[in-house]
Amino acid sequence: MKEKAIITAAITGAIHTPTMSDHLPITPGQIADEAVSAWEAGASVCHIHARNPETGAPVPDVNIMKEIITSIKSRCDIVVCITTGGGFGMTTEQRVAPVTLYKPELASFNAGSINFALFPVIPRYKEWKFEWEKQYLGMTEDFIFANTFKSMKEYCAKFNETGTKPEFEVYDAGMVNNIAFMIQAGYVKKPVYIQFVMGVLGGITPSPENLLFLVDYANRIIGDFEFSVCVAGRAQFPICTQSLLIGGNVRVGLEDNLYLDKGRMAKSSAEQVAKIARIAHELGIAPATPNEAREILHLKGIDKVNF
Ligand code: KMH
Ligand code: ZN
């Protein structure tokens, strides 16, 4: 087990929609405030998506992204991890634009293509706050989240140019192999940072066996890597706890799970950060500070970002 673990807070994402929770941050101010609260609660990394402040729809708007990340950086030293997954329907160019412009220390890098499906949740909701929500979720029945080898090669080139560390999002076992290929091809250097994403329909389901398998598989074909785990839905805390027990880091936040306990909605990502920090403390693991996270992940430093 580790002595220190990185807690990432994924603040708003592009999966949940405003109807699903009154607590989902939408405006740049709300998103930045929630990231700072998560830092106060023990998060050393925040994962950031931008939304339209009026409707809450995920947007590829670099100005909104800038407003969020500059506000966070003016108030705390948390590592800002910008999404390049973006939202459904965004182009690969739109998704990577904030990395090119703002040169963050860390950004997500989706390590392959999947059917990324949210449509089964639609019948749970009778009324929608905004018109776009049902259509956005519905279109995922016919959606491939495309991350081809060509686009991944281009993303690696951009990340190398900006000195941004990729956080490889791995939704299924084959993506570990994709990362091994990119290392072998010289697109990216070891040690890599992998986020095992479990529970997205189209990807691997969350279970202790599956997490052990993914970590073992990555050990066998990559060997030198740091990992974290994020889980969509109610298995978030159990599987994140397992990650802590087997030497991994954790990601929580309203991007992945809207609940704190069974039947109790989380009022903020910070509440979830505080809960996993408590669990970590009980296991004898301290939440890494942002500077400790920078060391663990070999990041270039906050003074080298462009925002
Ligand atoms: N939304 C998660 C399932 C990204 O932003 O690039 C994974 C994620 C990907 O956070
Ligand atoms: Zn994300």
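## Contacts of ligand 1

In this predicted model, an N or O atom in the side chain of R251 is 3.0 Å from an oxygen atom of ligand 1. Two further residues have polar atoms beside the ligand. H47 places a polar side-chain atom 3.0 Å from an oxygen atom of ligand 1. G85 takes part through its backbone: a polar atom there is 3.0 Å from an oxygen atom of ligand 1.

On its own, ligand 1 has 300 Å² of accessible area, and the protein covers 95% of this.

## Surroundings of ligand 1

Ligand 1 occupies the largest pocket. Around ligand 1 there are 13 residues, and those that come nearest are H49, T83, S108, N110 and E255. Sorted by class, the shell around ligand 1 consists of six polar, five nonpolar and two charged residues.

## The zinc site

Ligand 2 is a zinc ion. Its coordinating atoms are NE2 of H47, NE2 of H49 and OE of E255, at 2.1 Å. Along the chain, the donors of the zinc ion follow the spacing H-x1-H-x205-E.

Within this site, H47 and E255 form a pair that links distant parts of the chain, 208 residues apart. H47 belongs to strand 3, which covers residues 45-48. E255 lies in the loop between strand 11 (249-252) and strand 12 (259-261).

## Residues found at both ligands

Some residues appear in both descriptions. H47 coordinates the zinc ion through NE2 and also has a polar side-chain atom 3.0 Å from an oxygen atom of ligand 1. H49 and E255 are zinc donors, and both are among the residues that come nearest to ligand 1.

Definitions and conventions
Residues are numbered from 1 along each chain as its sequence is written. Chains are lettered from A and ligands numbered from 1 in the order in which they are written. This is a predicted model: local features need pLDDT of at least 70, side-chain atom pairs count only at pLDDT 80 or more; totals for chains, interfaces and linings use all residues. Side-chain values use heavy atoms; hydrogens and water are left out. A residue is near a molecule or strand if one of its heavy atoms lies within 4 Å of it. A polar contact is a pair of N or O atoms within 3.5 Å; within protein, one must be able to donate a hydrogen and the other to accept it, and residues adjacent in sequence count only if both atoms are side-chain atoms. Accessible areas come from the Shrake-Rupley method with a 1.4 Å probe; for residues, only the protein chains shown count as cover. On a 1 Å grid over the protein atoms alone, a cavity is a set of points where a 1.4 Å probe fits but cannot get out, and a pocket is an open set with protein on both sides within 12 Å along at least five of seven lines; lining residues have an atom within 4 Å of a point. A molecule sits in a cavity or pocket if more than half of its atoms lie within 2 Å of its grid points. Ala, Val, Leu, Ile, Met, Phe, Trp, Tyr, Cys and Pro count as nonpolar, Asp, Glu, Lys and Arg as charged, and the others, Gly among them, as polar. Donors are N, O and S atoms within 2.8 Å of the metal (3.2 Å for Na, K and Ca); water is not among the atoms, so sites may look incomplete. Helices (H or I, at least four residues) and strands (E, at least two) are DSSP runs, numbered from the N terminus.
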